[in-house]
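This briefing introduces one protein chain to a reader who is new to structural description. Please consult the sequence and the structure shown below while reading.

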Amino acid sequence: MRLLRQLFGVFVVLGFLFGVILIFSYDIIKIDWVSFMEIQPSHRPMEDPLPAPERSIPVEGPVSIPGMGAPENPVEADDASLTRGKELFVINCQMCHGQTGEGTGPIAPFLANKPANLTSDVVQSKSDGSMFLTITNGITGKMPPLNENLTVLERWDVVNFVRTLKASE
């Protein structure tokens, strides 16, 4: 009889423990456990992006090799390129540089550093490669880099379109 009472007690304790485990496993009672995800630093998307690995080449091919000067324009300034360049200029540049490229866009009055006049002799005298690198890398404190917004060929199309702004003056 004593053995039965002991077995009954053991089964009651085991049943109680099993019930407690089920309560926690079915999230009836939630306990916040410390996990490694909670203690690691978190980053917002595109915050402090990692630099490109040494000696790597982007999927679109090498844009320019550092220390080798500005790249040459591989895109012919035909009607298709100029049309694409104008569309991309309207989307990405017109808000600051204005419709005619004179730096009088709708948000230009609100900027501390005024946008460049793309029709000026200073800008138009730059090489295509220099304009391309300016669009790609931006100008610190003045213009954001557009290398993540535009592909390599799209940036060349914008360069070809900016060349036409002087002619339309």
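A residue is called buried when its relative accessible area is under 20%. By that cut-off, W156 counts as buried because its relative accessibility is 2%. The model discussed here is predicted.

**Overall architecture**
- The chain contains seven helices and zero strands.
- Along the sequence, the pattern is therefore written as α-α-α-α-α-α-α.

**Burial, surface and contacts**
- Of the 169 residues in the chain, 22% are buried.
- The chain has an accessible surface of about 13000 Å², and carbon and sulfur atoms account for 63% of that surface.
- Among contacts with a separation of 6 or more, 52% join residues that are 24 or more positions apart.

**Aromatic pairs**
- How many aromatic pairs are there in the chain? The count is two.
- One pair consists of F89 and F161; it is tilted, with 5.3 Å from centre to centre and 50 degrees between the planes.
- This pair links distant parts of the chain, since F89 belongs to helix α3 (residues 79-92) and F161 to helix α7 (residues 152-167), 72 residues apart.
- Both F89 and F161 are buried.
- F132 and W156 form a stacked pair, with 4.1 Å from centre to centre and 10 degrees between the planes.
- Because F132 lies in helix α6 (residues 128-137) and W156 in helix α7, the pair ties together parts that are 24 residues apart in sequence.
- F132 has 0% relative accessibility and so counts as buried.

How values were computed:
Residues numbered from 1 in each chain as written. Predicted model: local features only at pLDDT ≥ 70, side-chain atom pairs only at ≥ 80, totals over all residues. Heavy atoms only, no water. Helix = DSSP H or I, 4+ residues; strand = E, 2+ residues; numbered from the N terminus. Buried < 20%, exposed > 50% of the residue type's maximum accessible area, 1.4 Å probe, protein only. Contact = heavy atoms within 4.5 Å. Areas by Shrake-Rupley, 256 points an atom, 1.4 Å probe, with all protein chains shown as cover. Phe/Tyr/Trp six-rings, centres within 6.5 Å; stacked < 30°, edge-to-face > 60°.
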